[in-house]
Amino acid sequence: MAIRPGASAGALWMALGTLLWAARAGGEARHAPARTWGGTGIRLEITAAGGRVEYDCAHGTIDRPLVFDRRGRFDAPGMHFPEHGGPVREGEEAKGQAVRYTGRVTGDTMRLTVKLPNGKILGTYTLVRGSAGRVHKCL
């Protein structure tokens, strides 16, 4: 934006305000709206508090609100709970493990990676906004 010599103070303030607004809007993080995302072997329900994940043979939680940066990237802590086929035995505990849910949203597509603290990747998924996904629980 060019400012002519002799421009009024009001024009200068308006130009400065526009530049500051553009800089802030470009770098500001956004909370993910509540919605369903799904793909092969996965369904993600984003909520105001975080989210719930269902896999073919596991489930998980996202333990804080999901926030996207200006490029659509996110990184959030959560838990992962492996499951098994057959009945749950009496006294059996669902032992979860801490994970990080990282990824990026581009348009209606999300690329999601689930990682253990030691860096081991449990899975990488492609999800679509509004899809229920195709989850087949362990038998």
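Visitor: How much space lies in the largest pocket?
Guide: This is a predicted model, where local features need pLDDT of at least 70 and side-chain atom pairs 80 or more, while totals for chains, interfaces and linings use all residues. Residues are numbered from 1 along each chain, and side-chain values use heavy atoms, without hydrogens or water. A pocket is an open set of 1 Å grid points where a 1.4 Å probe fits, with protein on both sides within 12 Å along at least five of seven lines. Filling the largest pocket with probe spheres set on its points gives about 180 Å³.

Visitor: Which class, nonpolar, polar or charged, has five residues in the lining of the largest pocket?
Guide: The lining (residues with an atom within 4 Å of a point) includes His59, Pro82, Glu83, Lys95 and Cys138. Pro and Cys count as nonpolar, Glu and Lys as charged. The lining has four nonpolar and three polar residues, and the class with five is charged.

Visitor: Which residue forms a disulfide with Cys57?
Guide: The structure holds one disulfide, a pair of cysteine sulfur atoms within 2.5 Å. Here the two sulfur atoms are 1.3 Å apart, and the partner of Cys57 is Cys138.

Visitor: How many residues apart are Cys57 and Cys138?
Guide: Cys57 sits in the loop between S4 and S5 (strands are DSSP E runs of at least two residues, numbered from the N terminus), and Cys138 in the segment after S10. The pair links distant parts of the chain, and the separation is 81 residues.

Visitor: Is Cys138 buried, partly exposed or exposed?
Guide: Buried means under 20% relative accessible area and exposed over 50%, with partly exposed in between (1.4 Å probe, protein chains only). The relative accessible area of Cys138 is 24%, so Cys138 is partly exposed.

Key:
Helices (H or I, at least four residues) and strands (E, at least two) are DSSP runs, numbered from the N terminus.
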